[in-house]
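Let's take a walk through this protein together, starting at its metal site and working outward to the empty spaces and a few individual residues. Please have the sequence and the model side by side as you read.

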Amino acid sequence: MTTMQDRYDLGAINGAVMVFGGPYGNLQATQALRKRAEELGVPPERIICTGDVAAYCAEPQAVVDTLREWGVHVLMGNCEESLADDADDCGCGFAVGSQCAILSEDWYGYCRKALSTEARAWMGVLPRRIHLQLGPWRAAVIHGGAEILNRFIFASTPIETKREEVAHCDADLVIAGHCGIPFTQFVDGAVWHNPGVIGMPANDGSSEVWWGLLQVDSEGRLRIEHQRLRYDHLAAQESMRRNGLHNGYARALSCGLWPSMDVLPPTERAQQGAPLSFPAEWVFQARDACDSADCTSQIV
Ligand SMILES: [Fe+2]
């Protein structure tokens, strides 16, 4: 077994925070996001990746090297856990015999061979949870669930599940990854934010990918933006094909549609190909400053 830190505390952070999930071995998307961060002036100490650094795409080692050189905070995803342990499968939680499980044999086997021993050792000591304070907001960053790394939590997942996770994290803001589709929701005075992933489109029919920008204003309100990222997806696709990854995920980089929807609940399945849209900005009042049961009225 590898040694893993359960929790890593960043303390209080002032200024805008960039959050993103699933680089998935997509070097071109990772480089494009780094460029965007530099344009926005967000330094690496205010940037957090929710895990799954290595997965579907062709350049997992280069992505590991880029993230480490960049110096951003990286959470352990189930892919890192499995690769660090040299497990037989990706640990994504795909049902045996499902299309996702069959496809994962291809990319997971590729990642096992492509990563150095040193990169896997780095993966094995990544934190499973990151805590930080954003003004009055106590934030926790998790991969899937707080305890179950590969728990799928989508927008349509019942609020009871999110309520449990929020309580477990003891946080006012939970930032999560793993599911691959961005969303933001209000959960009984707390906020759930999934910024989406940069390594694969969001099954929305677009080649663009998603990340999140969070900041707290002078009134202590949390402001969240879902941001799109356009990058050289054709180069990422070409790299997959050049490396023998001729599969549905290579096609997905350009058509924006996942090759399998086994993991999706009916609501997200029905939304395949539908463009995602979010408010220009979500604004949430801090829990102790909100005198209404529905602080979502704070959206502007
Ligand atoms: Fe994951």
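The paragraphs below go from the annotated domain to the metal, then to cavities, a pocket and single residues.

A word on the ground rules: this is a predicted model, in which local features need pLDDT of at least 70, side-chain atom pairs count only at pLDDT 80 or more, and totals for chains, interfaces and linings use all residues. Residues are numbered from 1 along each chain as its sequence is written, and side-chain values use heavy atoms, with hydrogens and water left out.

Let's begin with the annotation. The unreviewed UniProt entry places the feature "domain: Calcineurin-like phosphoesterase" at residues 29-205; UniProt positions are in the numbering used here, feature names are shortened, and annotations may be inferred rather than shown by experiment. Residues 29-205 are 37% helix and 16% strand, and the C-alpha atoms at the two ends lie 17 Å apart. Helices (H or I, at least four residues) and strands (E, at least two) are DSSP runs, numbered from the N terminus.

Now to the metal. Which protein atoms are the donors of the iron ion? They are D52 (OD), N78 (OD1), H143 (NE2) and H178 (ND1), at 2.0 to 2.2 Å from the ion. Donors here are N, O and S atoms within 2.8 Å of the metal (3.2 Å for Na, K and Ca), and sites may look incomplete because water is not among the atoms. Along the sequence, the donor residues follow the spacing D-x25-N-x64-H-x34-H. N78 lies in helix α3 (residues 78-84), while H178 sits in the loop between β7 (173-175) and β8 (183-187), so this pair ties together parts that are 100 residues apart in sequence.

Why is the arrangement irregular? The four donor atoms subtend angles of 86 to 143° around the iron ion, which makes the arrangement irregular. For reference, four donors count as tetrahedral if all angles lie between 85 and 135 degrees; four count as square planar and six as octahedral if opposite donors are over 155 degrees apart and all others between 65 and 115; anything else is irregular.

Are N78 and H178 buried or exposed? N78 counts as buried at 1% relative accessibility, and H178 is buried too, with a relative accessible area of 6%. Buried means under 20% relative accessible area, exposed over 50%, and partly exposed in between (1.4 Å probe, protein chains only). H178 has another feature to look at: its phi is near 70°, a positive value in a residue other than glycine. Most residues other than glycine have a negative phi.

H178 also leads us to the empty spaces. Searching the whole structure gives two cavities of 30 Å³ or more, and the largest cavity holds about 210 Å³ of space. It is lined by 20 residues, of which Y24, Y56, H178, C179 and W258 are the closest to its centre. On a 1 Å grid over the protein atoms alone, a cavity is a set of points where a 1.4 Å probe fits but cannot get out, and a pocket is an open set with protein on both sides within 12 Å along at least five of seven lines; lining residues have an atom within 4 Å of a point. Grid points are joined across faces, edges and corners, and a volume is the space filled by probe spheres set on the points. The lining of the largest cavity has 16 nonpolar, three polar and one charged residues. In this scheme Ala, Val, Leu, Ile, Met, Phe, Trp, Tyr, Cys and Pro count as nonpolar, Asp, Glu, Lys and Arg as charged, and the others, Gly among them, as polar.

The second largest cavity has a volume of about 60 Å³, and its lining includes I181, N203 and E268. N203 lies in the loop between β9 (190-194) and β10 (209-216), counts as buried at 2% relative accessibility, and has a positive phi near 65°.

Turning to the largest pocket, about 210 Å³ of space lies in it, and among its 16 lining residues D89, C90, A101, S104 and E105 are the closest to its centre.

Finally, compare two more residues. W211, in strand β10, counts as buried at 0% relative accessibility. K113, in helix α4 (residues 99-114), counts as exposed at 76%.
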